[in-house]
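Reader: I am new to this structure. Please go through some of the labels given to its residues and helices, and explain how each one is reached.

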Amino acid sequence: MAHSDLLYPENPRRREEVNHLHQQLLDCLSDSFHATNKLIGVLNMHLGCRLAAIEMKRDGTIKENCDIIIQAVIKIQKELQKVDEALKDKLEPTLYRKLQDIKERETEKIAIVQKVISVILEEATSAASAVAVKLVGSNVTSGIINKLVTVLAQIGASLLGSIGVAVLGLGVDMIFRAILGAVEKTQLQAAIKSYEKHLVEFKSASEKYRHAITEVTNAVEHQMK
């Protein structure tokens with residue numbers, strides 16, 4: 001037991017708490033990297049995009065890694081916007097509105113996109129139409145992606161932003177010291193509260209993001225059968 005633990009008996013519990021919260025945050029961050037790369041792969045294969053995969057910066061800070069995902073998502077959104085604008089340009093207004101209608105059946109939406117997808121893409125497939133419907137013709141998916149970007153930006157701007165991700169493989173005491181090195185000792189409680197607060201939002205946003213991308217890949221697989 002450290003000497004400081006005798007003076008501050010809450011320290012051992014606090015160290016465990018910080019370690020647990022940090023691990024959960026990094027798990028969500030890692031999941032978001034994986035899901036984003038999965039989406040990039042789908043877009044490159046079926047919508048003819050040329051997006052580069054992203055990697056977690058192991059020697060970087062939480063903020064740096066949040067920014068990597070944010071920048072990748074912004075590029076994805078720009079590609080989807082191009083497809084959306086092309087659909088709006090090629091489809092009759094009534095048909096385009098149907099794509100945005102949540103009450104419209106997905107099979108009908110795919111059929112609508114299929115009418116013009118060959119004009120937009122060099123290679124038109126039902127899988128490409130499914131991707132377009134899932135990502136462009138869904139305000140729900142757009143909202144989920146936007147929410148993830150917002151949460152990542154908030155985490156990066158918080159007390160947690162300057163903490164390195166490389167402490168993941170270290171022991172509890174080392175993680176605790178690394179976090180103490182990134183924030184003032186008097187801010188430790190605030191940092192713990194920041195972890196707790198942002199984790200709730202990040203877990204929710206990350207899970208919805210991964211679920212939305214899984215729906216896209218499932219739709220693609222269904223069309224390719």
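Author: At 28% relative accessibility, D67 counts as partly exposed. The model is a predicted one, in which local features need pLDDT of at least 70 and side-chain atom pairs count only at pLDDT 80 or more, while totals for chains, interfaces and linings use all residues. Residues are numbered from 1 along each chain as its sequence is written, and side-chain values use heavy atoms, with hydrogens and water left out.

Reader: Why is D67 called partly exposed?

Author: Buried means under 20% relative accessible area, exposed means over 50%, and partly exposed is in between (1.4 Å probe, protein chains only). D67 has 28%, so partly exposed is the label. K63, at 37%, therefore gets that label too.

Reader: What makes the contact of D67 and K63 a salt bridge?

Author: The term asks for a side-chain nitrogen of Lys or Arg within 4 Å of a carboxyl oxygen of Asp or Glu. For D67 and K63 the N to O distance is 2.8 Å, so the pair qualifies. Both residues lie in helix 3 (residues 62–90), four residues apart, about one turn of the helix. A helix here is a DSSP run (H or I, at least four residues), numbered from the N terminus.

Reader: How do you know that D31 and R210 form a salt bridge?

Author: Their N to O distance is 3.8 Å, and the limit is 4 Å, so the pair counts. This pair links distant parts of the chain: D31 is in helix 2 (residues 11–46) and R210 is in helix 9 (residues 188–224), 179 residues apart.

Reader: Why is R105 called exposed, and E108 partly exposed?

Author: R105 has 55% relative accessibility, and exposed means over 50%, so R105 is exposed. E108 has a relative accessible area of 33%, which falls between the two cut-offs, so E108 is partly exposed. The two side chains meet in a salt bridge (3.1 Å, N to O).

Reader: Which residues does helix 5 bring to helix 6?

Author: With contact meaning heavy atoms within 4.5 Å, the helix 5 residues are E106, K109, I110, V113, Q114 and I117. Among the residues they meet in helix 6 are A128, V133 and K134.

Reader: How many salt bridges does the structure hold?

Author: The structure holds eight. E106, K134 and E215 are linked in a network of salt bridges.

Note on methods. Helix = DSSP H or I, 4+ residues; strand = E, 2+ residues; numbered from the N terminus.
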